[in-house]
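Visitor: I'm new to this one and would like a slow, close look at a single part of it. Could you start with a pair of charged side chains and work outwards from there?

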Amino acid sequence: MEFSKELRDAVIAGDISVSFRLWQRPKVKVGGRYQVGPAVLEVDSIELVPFTSITEADVRRAGEVSLEALRARAAHAGPIGDDTLLHRIEFHIRSVDHG
C-alpha cells in the first residue's frame, strides 16, 4: 500500500491504523503483507463504507485532522460525495527493519 510522504512515518510508527481508498476493487487482501518503507504492514480487514459513515475516531486513526481533510486526500482518485463508497482498510505494523 502506498501512503503520502507526510503520513508514512506515522504509519511506520503504528500511529495510523486505518486508511480509506476510492478503489474500483480492493488492491490489498485481508492477511496480506505490504512493504511501507522499512516496515511491513498486515491488513486486518477491508470493508466498503459510505463516506458519511466515517467516524471521528477513524478520521484520527487515518492521521487526518478532519473528515474534509480525509475527503480531500482520498479524492485524488475521483470526486467523493457523501454517498460515495470507500474501502476502509484496517491494518497493523507487523515488523520494522531498523537496519
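Visitor: Which residue forms a salt bridge with Arg94, and how far apart are their closest N and O atoms?

Guide: That partner is Glu42, and the closest N and O atoms of the two are 2.9 Å apart. The pair ties together distant parts of the chain, with Arg94 in strand E4 and Glu42 in strand E3, 52 residues apart. A salt bridge here is a side-chain nitrogen of Lys or Arg within 4 Å of a carboxyl oxygen of Asp or Glu.

A word on what you're looking at: this is a predicted model, in which local features need pLDDT of at least 70 and side-chain atom pairs count only at pLDDT 80 or more, while totals for chains, interfaces and linings use all residues. Residues are numbered from 1 along each chain as its sequence is written, and side-chain values use heavy atoms, with hydrogens and water left out.

Back to our pair. Arg94 has 44% relative accessibility, so it counts as partly exposed, while Glu42 is buried at 14%. Buried means under 20% relative accessible area, exposed means over 50%, and partly exposed is in between (1.4 Å probe, protein chains only).

Now the strands that carry them. E3 covers residues 39-50, runs antiparallel to E4 and is joined to E4 by 11 bridges. Pro50 is one residue to look for there, as it stands opposite Leu85 in E4. Helices (H or I, at least four residues) and strands (E, at least two) are DSSP runs numbered from the N terminus, and two strands pair if DSSP finds at least two bridges between them.

E4 (residues 85-96) also pairs with E1 (residues 18-21), again antiparallel, through four bridges. Arg21, which sits in E1, has His87 as its bridge partner in E4.

Stay with Arg21 for a moment. Arg21 is buried yet has no salt bridge, and the nearest side chain of opposite charge, Glu2, is 7.8 Å away. For that count, Lys and Arg are positive and Asp and Glu negative, with His and the chain ends left out. What Arg21 does have is a ring: its charged end sits over the ring of Phe3, 5.0 Å from the ring's centre. "Over" means that NZ of Lys or CZ of Arg is within 6 Å of the ring centre and within 35 degrees of the ring normal. Leaving aside neighbours within four places in sequence, Arg21 is in contact (heavy atoms within 4.5 Å) with Met1, Glu2, Phe3, Leu86, His87 and Ile89.

Phe3 takes us on to another partner in E4. The structure holds one aromatic pair: the ring centres of Phe3 and Phe91 are 5.7 Å apart and their planes lie at 55 degrees, so the pair is tilted. This pair also links distant parts of the chain, with Phe3 in the segment before H1 and Phe91 in strand E4, 88 residues apart. The rule for Phe, Tyr and Trp (its six-membered ring) is that centres lie within 6.5 Å, with planes under 30 degrees apart called stacked, over 60 edge-to-face and the rest tilted. Both Phe3, at 8%, and Phe91, at 3%, are buried.

E4 has another charged pair to show you. The side chains of Arg88 and Glu90 meet in a salt bridge, 2.9 Å from N to O. Arg88 is buried at 10% relative accessibility, and Glu90 is partly exposed at 23%. Salt bridges with shared partners join Glu47, Asp58, Arg61, Arg88 and Glu90 into one network. Of these, Asp58 lies in helix H2 (residues 56-61) and is buried, with a relative accessible area of 9%. Setting aside neighbours within four places in sequence, Asp58 touches Val18, Phe20 and Arg88.

In total, the count comes to 11 salt bridges. One of them is away from E4: Glu6 pairs with Arg73, their closest N and O atoms being 2.6 Å apart. Here helix H1 meets helix H3 (residues 67-74), with Glu6 in the former, Arg73 in the latter and their positions 67 residues apart. Glu6 is exposed at 58%, and Arg73 is partly exposed at 26%.
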